Amino acid sequence: MELKIFVNQLFKEAKDVGFAECEVYYVDRESLSINVYKEEVEKYNLNTSYGLSFRGKMGDRIGYSYTEILDEEAIHMLVNKAKENVLAIESEDVQFIYGGDKEYKEISTYSEALENISPDKLIQIALDMEKEAKALNSKVESFAGCAVAYSSGKYGIINSKGLNLHNKSNLLSAYVCPIIKEDEKMYDGFGYAIAKSLEEVNPKKIAEDAVNDALSKIGGKAIPSGNYPIVIKNEAMVSMLSTFAGIFSSDAAQKGLSLLKGKEGEEIASSVINLVDDPHLKDGFASVGFDDEGVATEKTYLIKNGRLETLLYNLKTANKAGVKSTGNGFKNSYASSISVSPTNFYIEKGNKNFDELLANIEKGLIITDFAGLHSGANAITGEFSLAVNGFYIENGRKTFPVEQVTASGNFFNLLKDIEEVGNDLKFPMSSVGSPSIKVKSLAIAGE
């Protein structure tokens, strides 16, 4: 059944059984992923998915249901399931079907240059990345992964208040992860590209980045235990920031799951830190003009000059707090309920280049990656104890690689102990970004 006809019939039946307001959210996606190994295609996955969710309001409560098929039987199911859902709700939280905003910023998230790309060309990119990596260094033994992926999709919101919003996006990504053998030890590297056209993907450059990353780890050793000045490389800081992003959710705060509850307006970080949620970022992974409740999005400073300006809100949590939604009401999928999520979430870049961050450190550590963030970090208390890799700093210069050491600390204290921020802001295949940062000290357990 055509979407417009389906929605009209759905809303009519919903109102006949007592729903005062109605909304549908629909998603239509396609993705192609190609993995190669030893110069052959190992996996070729083409996936398409379509789904539609329905929300209907009775009183202050909203019932919810979803389907993957648009027919008359689905209409009856959606209405009945949503009504059952309303009757089962025990929460007193007020929920909303949004009437819309006056203006929505147009965001470019779709590249016509990626339309109708031949799968053969994508396969060739993957094969070339593997071939280039092998040609660069004879020590490349194998690959932990080598793949190209293309995804495209469209989604939208239609409700009984006259709201009708839609968006489409697409993206091409490629990565290679070579494994180098040296003295019976294995070292892996990673290189990648995110692109809006085939011309932006350079297999040789991706392979060079990956091989150089692996080679840089050869000869790693532990260092003596102690408290060291630390420079956290941008990609490592992204993984740390991703782990603790949930503390900035108003929903987590209202449920007592964030220590930032009630701290809006307080100094919670170093004055050099500005933490932003920017849904309008050019070429951002999560750039969008409206959230999944139909609220117009806007750039939000969560931390400005070290001060907590706001948390992230959707309509429900904003109503509970007596504030305006920040436009961060999103679904994990069409089948999910509305939650609070960031868009392009990052620390703004500073003025120092990477060498300048190291310059005044006599003995310290560059952390290039954290391991075990899911098990070694507590997103509520901020405590972490994590295996790290990196490089030793001596007299302001990067020296030998470091491995088999553990860094311990607290994320809230780390924010306060940041002394300088680099100018190398990076979003490594993610909507979370960060520049490299210099931290006063962290406890390192080594030899």
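# Pockets, salt bridges and local features of a predicted model

The largest pocket of this structure has a lining of 46 residues, and those that lie nearest its centre are Phe-190, Asp-213, Glu-235, Thr-368 and Asp-369. The elements that each give two or more residues to this lining are strands E6 (185–188) and E7 (191–195), helices H4 (203–215) and H5 (234–244), strand E15 (363–371), helix H9 (373–376), and strands E16 (383–394) and E17 (397–410). The model is a predicted one, and the points below take up its two largest pockets, a nonpolar surface patch, several salt bridges and some individual residues.

**The largest pocket**

- The space that lies in the largest pocket comes to about 1,200 Å³.
- Among the elements that contribute to the lining of the largest pocket, H5 gives the most, with 7 residues.
- When the residues of this lining are divided by character, 18 are nonpolar, 15 are polar and 13 are charged.

**The second largest pocket**

- The second largest pocket has a volume of about 920 Å³, and its lining is made up of 32 residues, of which Arg-29, Tyr-155, Ser-169, Phe-285 and Ala-286 lie nearest the centre.
- At least two residues of this lining come from each of strand E1 (21–37), strand E4 (140–159) and strand E5 (164–182), and E4 gives the most, with 5 residues.
- The lining of the second largest pocket divides into 10 nonpolar, 15 polar and 7 charged residues.

**Salt bridges**

- Side chains of opposite charge can pair when their charged atoms come close, and a search of the whole structure finds 16 salt bridges, of which three are described here.
- Lys-185 forms a salt bridge with Glu-403, and the closest N and O atoms of this pair are 2.9 Å apart. Because Lys-185 lies in strand E6 and Glu-403 in strand E17, the pair ties together parts that are 218 residues apart in sequence.
- The two partners of that bridge can also be described by their accessibility: Lys-185 is partly exposed, with a relative accessible area of 36%, whereas Glu-403 is buried, with a relative accessible area of 15%.
- Another salt bridge joins the side chains of Glu-348 and Lys-299, at 3.7 Å from N to O. This pair links distant parts of the chain, 49 residues apart, with Glu-348 in the loop between strand E14 (345–347) and helix H8 (354–358), and Lys-299 in the loop between E9 and E10.
- Lys-299 is partly exposed, and its relative accessible area is 40%.
- The side chains of Lys-131 and Asp-128 also meet in a salt bridge, with a distance of 3.9 Å from N to O. Both residues lie in helix H3, where they are 3 residues apart, about one turn of the helix.
- Lys-131 counts as partly exposed, at 48% relative accessibility.

**Helix H3 and a pair distant in sequence**

- Gln-124 is also found in helix H3, which covers residues 119–136, and this residue is partly exposed, with a relative accessible area of 40%.
- Although Gln-124 and Val-36 are 88 residues apart in sequence, their C-alpha atoms are 9.7 Å apart in space.

**Residues with positive phi**

- Most residues other than glycine have a negative phi. Asp-283 is not a glycine, yet it has a positive phi of about 60 degrees.
- The place of Asp-283 is in the loop between strand E9 (275–277) and strand E10 (300–304), and this residue is exposed, with a relative accessible area of 51%, which puts Asp-283 on the exposed side of the cut-off because that class begins over 50%.
- Asn-305, which is likewise not a glycine, has a positive phi of about 50 degrees. Asn-305 lies in the loop between E10 and strand E11 (307–308), and at 45% relative accessibility it counts as partly exposed.

**A nonpolar surface patch**

- Val-41, Tyr-44 and Leu-46 make a nonpolar surface patch of about 280 Å².
- One of these residues, Leu-46, is found in strand E2, which covers residues 40–58.

Definitions and conventions: Residues are numbered from 1 along each chain as its sequence is written. This is a predicted model: local features need pLDDT of at least 70, side-chain atom pairs count only at pLDDT 80 or more; totals for chains, interfaces and linings use all residues. Side-chain values use heavy atoms; hydrogens and water are left out. On a 1 Å grid over the protein atoms alone, a cavity is a set of points where a 1.4 Å probe fits but cannot get out, and a pocket is an open set with protein on both sides within 12 Å along at least five of seven lines; lining residues have an atom within 4 Å of a point. Grid points are joined across faces, edges and corners, and a volume is the space filled by probe spheres set on the points. Helices (H or I, at least four residues) and strands (E, at least two) are DSSP runs, numbered from the N terminus. Ala, Val, Leu, Ile, Met, Phe, Trp, Tyr, Cys and Pro count as nonpolar, Asp, Glu, Lys and Arg as charged, and the others, Gly among them, as polar. Patches are made of residues with over 30% relative accessible area and no salt bridge: like charges are joined within 9 Å, nonpolar side chains (Val, Leu, Ile, Met, Phe, Trp, Tyr) within 5 Å. Accessible areas come from the Shrake-Rupley method with a 1.4 Å probe; for residues, only the protein chains shown count as cover. A salt bridge is a side-chain nitrogen of Lys or Arg within 4 Å of a carboxyl oxygen of Asp or Glu. Buried means under 20% relative accessible area, exposed over 50%, partly exposed in between (1.4 Å probe, protein chains only).
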